[in-house]
Amino acid sequence: MRSSHPRSAAVSALVATALATGLLAGTADAAEGTASAEPIHIHDIQGTTRISPLNGKQVADVTGIVTGVRTYGSRGFWMQDPDADDNDATSEGVFVFTSSVPTVAVGDAVKVSGLVGEYVPGGASSGNQSVTQISKPVVTVVSSGNALPEATAINEYNVPAEYAPAGDPAAAGSINGLTLEPSRYALDFYESLEGMNVKIGTSRVVGATDPHAELWVTVKGWENTAKRGGTLYGSYESQNTGRLQIQQLAPLAQQPFPVANVGDKLTGTTEGPLDFNQFGGYTLVARTLGTVKAGTLAPEKTKAQAANELAVATYNVENLDPSDPQEKFDNLAKAVVANLASPDILALEEIQDDNGAKNDGTVSAEQTLTKFTAAIAAAGGPAYQWRTVNPENNKDGGEPGGNIRQVFLFNPDRVSFTDRAAGDSVTPTGVTQVDGKAALTHSPGRIDPANPAWADSRKPLAGEFVFKGKTVFVIANHFGSKGGDEGLTSVHQPPVRSSEAKRLLQAQAVNGFVKQLLAADKHASVLAVGDINDFEFSATAQALEDGGALYSAIKSLPKAERYSYVYQGNAQVLDQILTSPAIKNFTYDSVHINAEFSAQNSDHDPQVLRFHP
């Protein structure tokens, strides 16, 4: 990640001044410039690029009609000039940052004097685009009750198909200095409407209501549609231009935000200013919010395995620890039994230690696992046993003190675990041969824990199982997160995905271990499962598959069903099960029980694979 925004020679010296004063680094204040002599309109402030030509300058008596007032968070109001110019690249709206609760009302005609600046939500190191704003304002209300400028429609006909221009190589890939082409690029189209009064018609929900009172819709109902109503992120080039985040201006105490799931419809007109924030980019902050019409989406249930099929599953249970409400344990347990059909082997990610985030050196997860397996039994499931290797304290990333780790649950009535000199947190398991067949030196054991690829990250857990006389190796993974990656709406195009480097090394380590198993027995049944934290088309997945050692089995599904997670309205793959060549005839299921729903027990959907060893 960069510590500051790059800039090109084409960007004016005013931008350099703003950088020097810190405004482009995300602060709301900057050194005050000199007031301009000529009357300034909002479109003069916005200009034809992402950076105002008046950045860092004082402006006086800028006129507009108030189109939205925000009394919480980043307090201020939006105003718009009803007399637009004839340049589609220049926005006619702007945000006025008041800091305190604004004293204006929607429909007020105002004159504003203040300091033009570029505020970067999340700070410059986030890579986010900036919001052109006026800060330190002096506001005069000229009249009230005025008609608002007509809202600009955002729909499938005017949002371009191409997502973003390529960043300027001379500016480290930044698009800041490029003239907007709103008829060619979706990001330029949205930027040309920054701060303006916009509206959408009835639109399908593609990202469920989250705890922060926001949801995602698409204005392009046909764009990369997932089978159950979402919008599929199937490549780095399918960013899905029709996605738009929806929030509301009304405080929640005054107007609760609607609860919506993927596939629901936000009906009628939703209208308000177009904002940009650090958690999703361009956002319609609704002054008038449409009505949610519920769809028929229900949590999926996978098919039960046949008597001679081995069912292997993976599930990220999102920081489970004994202090969580019993309801969370019960809901997760019911899902294991009712939705996953009690798989024979279940690899869990994000099992925390016995006192969760309390940072006191505890690393055991016996209480967590006792409570969870008891809940599964109470829900009618099997009496699962477990195997794991406790991590070193605070060495595996995640919530400080939580010591998340992977765990194998297995049904002893269906499958046995082969214990071989159980490893500890620092001892690597290896590959040997027993009776001419591949075996682990430590089972359970960790793969290459001293490898720098696993620093502050979860080490893979390997285990050896026997099902109907056949040995099966399972590697439970939880690769490094995407934290630090720039969002799709980044100022750099393509965005910088800095977290990929670590996952690539992790994938190479797991692939290398699988190749050792296959060298010992080319017919070995090996499954690498877990929260890979990367897409099935990523370099991470390609490294796992290198040399044909593994195959990402989610690719056996139709494209419209390939997802386990929904992020900012994009349905995508993070959780995977990969198979060795010996596992030929299998059935794969991404069991959609969480990611598409506002009410979640985890933010991940579990994965199940059934096969005949």
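This is a short chat about a predicted model, its nonpolar core and a few unusual backbone spots.

Student: Before we start, how are residues numbered, and what counts in this model?
Tutor: Residues are numbered from 1 along each chain as its sequence is written, and side-chain values use heavy atoms, with hydrogens and water left out. It's a predicted model, so local features need pLDDT of at least 70 and side-chain atom pairs count only at pLDDT 80 or more, while totals for chains, interfaces and linings use all residues.

Student: OK, which residues touch the most other members of the largest nonpolar core?
Tutor: I154, Y190, I200, V217, L244 and I246, out of 29 residues. A nonpolar core is a set of buried Ala, Val, Leu, Ile, Met, Phe, Trp, Tyr and Cys residues joined through side-chain atoms within 4.5 Å. Buried means under 20% relative accessible area, exposed over 50%, partly exposed in between (1.4 Å probe, protein chains only).

Student: And what does Y190 touch?
Tutor: Leaving out residues up to four places away in sequence, its contacts (heavy atoms within 4.5 Å) include I154, L244 and Y282.

Student: New topic: where are the cis peptide bonds?
Tutor: One joins S443 and P444, and another joins Q493 and P494. Omega is about 0 degrees at S443 and P444, and also about 0 degrees at Q493 and P494.

Student: What about phi at A172 and K468?
Tutor: A172 has a positive phi of about 55 degrees, and K468 has a positive one near 50 degrees. Neither is a glycine. Most residues other than glycine have a negative phi.

Student: Is K468 buried or exposed?
Tutor: K468 is exposed, at 57% relative accessible area, while A172 is partly exposed at 35%.
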